[in-house]
Amino acid sequence: MKICFISGVKFGHELLSHMLENNLNISIVFSYADNKKTNYSDFIAFDDITMKYGIKHVKVNNINDLENVKILNEIHPDLILVMGWSQLLKKEILNIPKLGTIGSHPTELPKYRGRSPIPWTIIKGLNESALTFFYITEGTDEGDIVNQHNFRIIPNDDAHSLYEKIIIIGKQMIMETIQLLEQNKIKRIPQDNLKFIEYWIKRTPEDGKINWVNSAKEIHTLIRGTTHPYPGAFTYYKKSKLVIWQAEYTQNDTNKSPGEILDVSKQGLKVSTGMGYVLLQKISLNNGEEKNPYNIFSKKDLGVILGE
C-alpha cells in the first residue's frame, strides 16, 4: 500500500513516527512551508523524520496548488492520510487515491465540527470527547466515520494534557485503521447530522485576553484551554504583556477589585476576579522565559490592577 501523509503539526509528526517505526510504507510527506510557522501554534518541521527514513518530502503553502496535484498524480498513492492540516482538500486531490483520503478531528463527530477543537473542548467544559478518523469530502468534517475512540476529560486537564492524550489514542487508531484497510474490513459509518450540535470557529491569540470581571472559574478555564501548545491566556502588567500558562483558582469572594494583585509568594501570584481569585503559577512576560511569578513580582506590586 502506497501512502501519502499530509501534516504540519506535532500530532501528525508523532503518528508518522509511530507508523514508520512499525515498518509502514510512506511514499511521500507533504508539510507546511517553513514560513507558515507563525500561523500554527503546534507547527513542527518534518525534515528530521523524512531525512531519517529517506522519504520524499514536499513543503507547501497550499496543498491544492497545481504542482502538488501533479506530484500526487505521478505517485498515485493508494491512500492519503491527513493528520493535522487546516486547508480543505479539493476534489482534484480527493479523487486520486483508490482507497480514499482519511482525516482526523479531535472531537466526537458529528457533534462538534470546525476549528480550534482542543481549546474549545476545554473552554466549553466538555467532560467527554473523542478522536475521530473519517473520509474527507469537499465539506468540512462531514465524511463517513471509519474509526472513533472516546476519552474522558478530567477537571485538571488542559490543552497540553489533552493534546498528549489525543496523540496516544491517535497512534493506536492509525495502526487499527491501516490494518482494517489492508484486510478490506473497513466500515464506513455515515455521520448522523441530527446529532450535530455546534460549529466551532477559529480562535486567534487575541481570544486569550483575560477579562478579570469574569469569575475565577471562567478565567481558569480560559488559561487551561489556551496553554501550550497554544498562545496562552494573557493580561497586561504595567503595559507589558503577561501570558499565564498554569494557575489554580478558588471561588471564595475577595471583595477586591477585579485584576487586583492580592499576594505574592513562592506558591504564585494571587489575583482577584469578579468572583474568587486565581493563583498564577507559571507566567512569561513580554514573550520571555516561562517563570514562577515570585521571580518577577514582589510585595511592592500588591494593589496593582492587572489589565490596565
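1. A quick word on terms before we start: a residue counts as buried when its relative accessible area is under 20%. With a relative accessible area of 10%, Y237 is therefore buried. Please keep in mind that this is a predicted model.

2. Y237 has an aromatic partner in F297, and the two rings are tilted, with 55° between the planes and 4.5 Å centre to centre. Y237 belongs to strand β10 (residues 233–237), whereas F297 is found in the segment after β14 (277–285), so this pair ties together parts that are 60 residues apart in sequence. F297 is buried as well, at a relative accessible area of 4%.

3. Searching the whole structure gives 5 aromatic pairs. Among them is F234 with Y236, an edge-to-face pair whose planes stand at 90° and whose centres are 5.9 Å apart. What is the burial state of each partner here? F234 is buried, at 1% relative accessibility, while Y236 is partly exposed, at 26%.

4. F234 deserves another look, I think. The charged end of K241 sits over the F234 ring, 4.4 Å from its centre. F234 thus appears in two contacts of this note: the edge-to-face pair with Y236 and the lysine contact with K241.

5. There is also a lysine over a tyrosine: K270 lies over the face of Y277, and the distance to the ring centre is 4.2 Å.

6. Finally, do have a look at Y32, Y40 and W85 in the viewer; these three residues form one aromatic cluster.

Conventions. Residues numbered from 1 in each chain as written. Predicted model: local features only at pLDDT ≥ 70, side-chain atom pairs only at ≥ 80, totals over all residues. Heavy atoms only, no water. Phe/Tyr/Trp six-rings, centres within 6.5 Å; stacked < 30°, edge-to-face > 60°. Buried < 20%, exposed > 50% of the residue type's maximum accessible area, 1.4 Å probe, protein only. Helix = DSSP H or I, 4+ residues; strand = E, 2+ residues; numbered from the N terminus. Lys NZ or Arg CZ within 6 Å of the ring centre and 35° of its normal.
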